[in-house]
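Student: I should like to learn how to read a structure step by step, beginning with a single residue. Could the tutor guide me through this one?

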Amino acid sequence: MAALVLAQHSTSPAERLKDAAAVAFIALLLGIPMIGLTTVDQGGALRIATRWPTLCIFVGVCFAGRLLLRYAIDRLRARKQARERSAVSAPTVDQATSPLLTWIGWAALGISVALPMLFSENRYVVDTATTVLIYVMLGWGLNVVVGLAGLLDLGYVAFYAVGAYTYGLLSTQFGWGFWQALPLAGAVAASFGILLGWPTLRLRGDYLAIVTLGFGEIIRIILVNWTELSGGPNGIASIPRPSFFGLPFKPPGDDPTFASFFGLEFSTNHRIVFLYYLILALALLTNLFVSRMRKLPIGRAWEAIREDEIACKAMGINARNVKLSAFAIGAMLGGFAGVFFAARQGFISPESFTFNESAIILAIVVLGGMGSQLGVVLASLVLVLLPELGRDFAEYRMLLFGAAMILIMIWKPGGILSHREPTLRYRADGGRR
Amino acid sequence: MSAPPPLLSVERLTMRFGGLLAIDDLSLDVAARKITGVIGPNGAGKTTFFNCLTGFYKPTVGSVRLNHPQRGVLRLEQLASHQVARSAQVVRTFQNIRLFPQMTVLENLIVAQHNALQHASRFSLAGLLGLPGYRRAEAAAMDKAVGWLQRLGLLDKADTAAGALPYGMQRRIEIARALCVDPLLLCLDEPAAGLNPRESSELNELLKHLASVEGIAILLIEHDMSVVMNVSDHICVLNYGRKIAEGTPADIQKDPNVIKAYLGEEDADELRADEMRTDAPTDPEAVR
């Protein structure tokens, strides 16, 4: 079997032939019972028939496929080595932000602002873009915990749920508005973050991941079973939609509405577009907040904890507080996104907060490149749009989705954007930052 | 031993891991503004001793008192590791370098000033708003970091990721980072391991400068005798967790117990003091 292991050195044609022959031999052994022999129903009795030509084709395909694969791997490896050799000679230090990335960032902002105007009649596009932005915001929130502080959190959706349910309950039970509930829901989610973090942060890596996974499930199961509070599996319905500074998006009636106030013809699209701009504003605020935090002492401490916790302690940094702050702030941002989600859907139930969501948000952060803000945007686009675009492929779309994720990880193991931008520089304009 | 009270006094320190006695009844004084060397064969308990001083281990028995000029006597064995650095200003480096590898050299040094900066940023509120008080604190932190980088000849690497630099430089960065915490007592765990002769003689100069000019007391674990014998004012020798000798470098080089511990019983007669130097470069612990 040793021949099957991908050899580290590049191989000669003779070695490749030998390797492919070994694979073909194994294919033959496996193929005789599976392909070469088959049962046929002949007059009520089963008889064994042989299919040698099919088996020959199978073995031949395996042989040729292995030969091609070997060849492709060798070529790729040679090219990679050549690239590495040339990279060593080139100076790699002190590279500033790539102007391309800055450009992409501004272009993405411009497109996202202009999008509802370009597609004002196409509700589907604006709706999908809103979903993308929710994931972008969640990704930016989780990025604080996973990307910056390096704490693997598999239960992030719990904070999203806490935010959504806080708004759902406050609005339906106490008549709170969106803007009143937003800060409180953020605070509640942050306290849940601390509640989870306090006992678990002495755990590291895999162990923390398991506990957070459990926490996410606990929250979901509580929501399913505590019927008096959460409505159980039926969820909370008729959650009020956010209004435009007190002007609701309703057909014209007695009270002034958005359409009547601005003298517009009533259209359901107004609300869709308003929701889109609302989440865009929330997401941009999140981005501003997180990228600002990253350049503050607390943000640097998050990254330092990710890099080496023991060294942090030796520098006098209270590691527990730093991790708790990362958890609380990540949870708060998740809570904000949850409030928006509840306000947009008008209906929430535990169905929306399964582990699957946590996994997708985590995938966005990891695929985007841990700690990269723009990477999160690109990864959300890929992960939300792929299943949407893949609707034509029906049951194959999740297969496509998985394949795309694997390909990204092979092509860019550090995520789409893995370059880390320093939080401050000595040499920027001659001396000071 | 001079007249003024010692900066740090370790009394009857014992550290037991199950059946293993890693440190056995160790008492030691560390004078302010002086360099105290701690030497001993591999496994003598030197790093365990550091871990006990800096709050990473809780000693089984014994006390570690620090005479802090402003805060009075602090019992280090009762403090958590981050408090040892923060309140007692006892800062350590690690035998196997522990930098923040993906962060730049400058960022490493700024992170070391976290507590002062965090205080100035008023739990990030003033920092988020970019208030002048925080900006000043950040500029001061930057100045301090740049000052040490300049002193240690690392300024041209300030914006490079720390993990991408060669080993000797990483050692110096770790020392620079520790210095940014404003230590009263700097505990260096094998700072010369893996350095070439030129680098280790630069290290000698630096350590002497830190003690005599900057007034930082240094506790030094080192296998490289050319460093220890050259810079130490006082040396303590450990073997199997027990202190077997203490005194000036000249005393230590002549001490029969030390010679026995390093070279074994039979070879002891043949040893002359300078032969101890051959111990260092091939030491297996040095590559850890």
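Tutor: We begin with A:Leu400, which belongs to helix H16 of chain A, spanning residues 397-411. Please keep in mind that the model is predicted.

Student: Is A:Leu400 buried, partly exposed or exposed?

Tutor: Burial is read from relative accessible area, and the partly exposed class lies between 20% and 50%. A:Leu400 has a value of 38%, so this residue is partly exposed.

Student: How far is the C-alpha atom of A:Leu400 from that of A:Leu386?

Tutor: The separation is 8.0 Å, while the two residues are 14 positions apart along the chain.

Student: What does chain A look like as a whole?

Tutor: Its secondary structure consists of 16 helices and two strands. Along the principal axes, the C-alpha atoms of chain A occupy a box of roughly 80 × 75 × 45 Å. Of the 433 residues in chain A, 44% are buried. The exposed area of chain A is about 22400 Å², with 67% supplied by carbon and sulfur atoms.

Student: Among contacts in chain A between residues at least 6 apart in sequence, what share joins residues at least 24 apart?

Tutor: That share is 72%.

Student: How should a strand be read, taking S7 of chain B as the case?

Tutor: In a regular strand, side chains alternate between the two faces of the sheet. In S7(B), B:Leu185, B:Cys187 and B:Asp189 point one way, whereas B:Leu186 and B:Leu188 point the other way. The strand covers residues 185-189, and five of its five residues are buried.

Student: Which strands pair with S7(B), and in what sense?

Tutor: Strand S6 of chain B (residues 90-92) runs parallel to S7(B) and is joined to it by three bridges. Here B:Arg92 stands opposite B:Cys187. Strand S8 of chain B (residues 217-221) also pairs with S7(B) in the parallel sense, over five bridges. In that pairing, B:Leu186 is opposite B:Ile218.

Student: How many disulfides are there over all chains?

Tutor: A disulfide requires two cysteine sulfur atoms within 2.5 Å. By this criterion, the count over all chains is zero. A:Cys62, for example, is in no disulfide, and its nearest cysteine sulfur, that of A:Cys56, lies 12 Å away. A:Cys312 is likewise in no disulfide, the nearest cysteine sulfur being that of B:Cys180, 14 Å away.

Student: Are A:Cys62 and A:Cys312 buried or partly exposed?

Tutor: A:Cys62 is partly exposed at a relative accessible area of 21%. A:Cys312 is buried, with 0% relative accessibility.

Notes. Residues are numbered from 1 along each chain as its sequence is written. Chains are lettered from A and ligands numbered from 1 in the order in which they are written. This is a predicted model: local features need pLDDT of at least 70, side-chain atom pairs count only at pLDDT 80 or more; totals for chains, interfaces and linings use all residues. Side-chain values use heavy atoms; hydrogens and water are left out. Buried means under 20% relative accessible area, exposed over 50%, partly exposed in between (1.4 Å probe, protein chains only). Helices (H or I, at least four residues) and strands (E, at least two) are DSSP runs, numbered from the N terminus. Contact means heavy atoms within 4.5 Å. Accessible areas come from the Shrake-Rupley method with a 1.4 Å probe; for residues, only the protein chains shown count as cover. Two strands pair if DSSP finds at least two bridges between them.
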